[in-house]
Amino acid sequence: MDLDTVRTFVAAADTGRFQEAAAELAVTQQAVSKRIAALERGLGVRLFTRTPRGAELTIDGQAFLPHARELLRVAERATASVRTGRRPLRVDIIASRGAASGLMRAFHQAHPDVELDVLMLLDIETAVAAIRSGEIDASFRAVAAPGRPLPEDIESVRVLDEPLQLLTGPAHALAGARSVPLAELAGHRIWMPGIVPGTEWAAYYEDLVAEFGLTIEATGPNFGSDALLDTVADTPALATFMGEHTRLVWPAGHGLRRIPVTGPTPVYPHSLLWHRDNPHPALSTLRAHLAGTTAAPETGGTWAPKWVRPR
């Protein structure tokens, strides 16, 4: 059903005169008559009766009027849902407990007027495709992994370097350390079943292992962070890496330790990705917020893979 004819019908019903409906819609009276006639043919009923006082709705016209109004309201809502600046800003944060989630919570607190949709996509190819199609407006990623440059229409800016910490149980050999040099972790078993081959974080840990001779095991099913914490707490031989900004809560009886890693400190580089032609006004607000609230990386005494883009 053509919305222009429906809109014309509602205008004529409200004004009671085709001439006034034409003036309201900025068309000719003849155009109004043709649209009403086309709508009546399509519905198979008469909608108006011409009288000396103008145009009066027939019984069928009266029955159709509330539905016609609802059609126009639905059309307006549909348009508004994708209209730049009137739909939520859609951002991929990968995981709910990671650093990107914290960055977006801080943004929401600083800009509560910006409506948000937060999504969690697994791999960078899916995220980039969603950015290019307009499904999402931005994504937090570590870019760009070796051999996988970003498309030319995707922009990125490095927004946070997150130090890694060593997480151990109370009986681990390093549990009492206030900090641990990265080189001293060689020979210790670091268990990270959440590493997914082909992801940017898998590439990050592969380079970390290669450069410092570490042993990172990604074996076994990934039952999530709670199961990981339980195992590390109960197994003196195991430890795991965790981002400084990762938010996890564990039972007091676990006695887990978060130990800073130093000399150098491995940092995980978080970048914001977006399409260079994305016009959503809240995207520039998000970028400005991140630029003003995240500290510049401290390159001295830190480590990141060589493929990580400078900030």
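Which residue in E10 is the bridge partner of Thr168? In this predicted model, the partner of Thr168 is Ala239 of E10. That bridge belongs to the antiparallel pairing of E6 (154–168) with E10 (238–243), which extends over 5 bridges. Ala239 of E10 also stands opposite Ile190. E8, comprising residues 189–191, is joined to E10 by 2 bridges, and these two strands run parallel.

The burial of E10 was examined next. Because 6 of the 6 residues of E10 are buried, the strand is largely enclosed by the rest of the structure. In a regular strand, side chains alternate between the two faces of the sheet. In E10, Leu238, Thr240 and Met242 lie on one side, while Ala239, Phe241 and Gly243 lie on the other, and both faces are covered.

Strand E12 (265–275) shows a corresponding pattern of burial, in that 11 of its 11 residues are buried. Thr265, Val267, Pro269, Ser271, Leu273 and His275 point one way from E12, whereas Pro266, Tyr268, His270, Leu272 and Trp274 point the other way. The pairing of E12 involves several strands. With E6, E12 pairs in the antiparallel sense over 9 bridges, and one of the residue pairs is formed by Glu162 and Tyr268 of E12. E5 (138–141) also runs antiparallel to E12, to which it is joined by 4 bridges; here Ser139 has Leu273 of E12 as its bridge partner. By contrast, E12 and E13, the latter spanning residues 302–303, run parallel and are joined by 2 bridges. Within E13, Trp303 is the bridge partner of Pro266.

Two helices present their buried residues on one side. In H6 (residues 124–133), the buried residues are Ile124, Ala127, Val128, Ala130 and Ile131. Viewed down the axis of H6, these residues fall within an arc of 160°, so they line one face of the helix. The elements that cover them include E3 (89–92), E5, E6, H7 and E12. In H8 (225–234), Leu228, Leu229, Val232 and Ala233 are buried. Their arc around the axis is only 130°, which puts them on the same side of H8. Among the elements covering the buried residues of H8 are E6, E8 and E10.

Individual buried positions link these elements further. Glu200, found in helix H7, has a relative accessible area of 0% and is therefore buried. Beyond its neighbours within four places in sequence, Glu200 is in contact with Ile94, Ile124, Arg141, Ala142, Arg148, Tyr268 and Trp307. Of these contacts, Ile124 is one of the buried residues of H6, and Tyr268 is the E12 residue that is the bridge partner of Glu162.

Gly169 is located in the loop between E6 and E7 (180–181). With a relative accessible area of 3%, Gly169 is buried. When neighbours within four places in sequence are set aside, the contacts of Gly169 are Ala175, Val232, Ala233, Gly255 and Leu256. Two of these residues, Val232 and Ala233, are among the buried residues of H8. Asp137 is 32 residues from Gly169 along the chain, and the C-alpha atoms of the two residues are separated by 40 Å.

A further loop position, Leu150, lies between E5 and E6. Leu150 is buried, its relative accessible area being 13%. In sequence, Leu150 and Glu125 are 25 residues apart, and the C-alpha to C-alpha distance between them is 9.5 Å.

Several of the elements described above also contribute to the largest pocket, which has a volume of about 1000 Å³. Its lining comprises 34 residues, of which Ala95, Gly98, Gly194, Trp201 and Thr246 are the closest to the centre. By residue class, the lining divides into 21 nonpolar, 10 polar and 3 charged residues. At least two lining residues are supplied by each of H5 (99–110), E5, E6, H7 (200–212), H8, E10 and E12. E10 gives the most to this lining, with 4 residues. The strand that makes this contribution is thus also one in which 6 of the 6 residues are buried.

Note on methods: Residues are numbered from 1 along each chain as its sequence is written. This is a predicted model: local features need pLDDT of at least 70, side-chain atom pairs count only at pLDDT 80 or more; totals for chains, interfaces and linings use all residues. Side-chain values use heavy atoms; hydrogens and water are left out. On a 1 Å grid over the protein atoms alone, a cavity is a set of points where a 1.4 Å probe fits but cannot get out, and a pocket is an open set with protein on both sides within 12 Å along at least five of seven lines; lining residues have an atom within 4 Å of a point. Grid points are joined across faces, edges and corners, and a volume is the space filled by probe spheres set on the points. Ala, Val, Leu, Ile, Met, Phe, Trp, Tyr, Cys and Pro count as nonpolar, Asp, Glu, Lys and Arg as charged, and the others, Gly among them, as polar. Buried means under 20% relative accessible area, exposed over 50%, partly exposed in between (1.4 Å probe, protein chains only). Two strands pair if DSSP finds at least two bridges between them. The arc is that of the directions from the helix axis to the C-beta atoms. Contact means heavy atoms within 4.5 Å.
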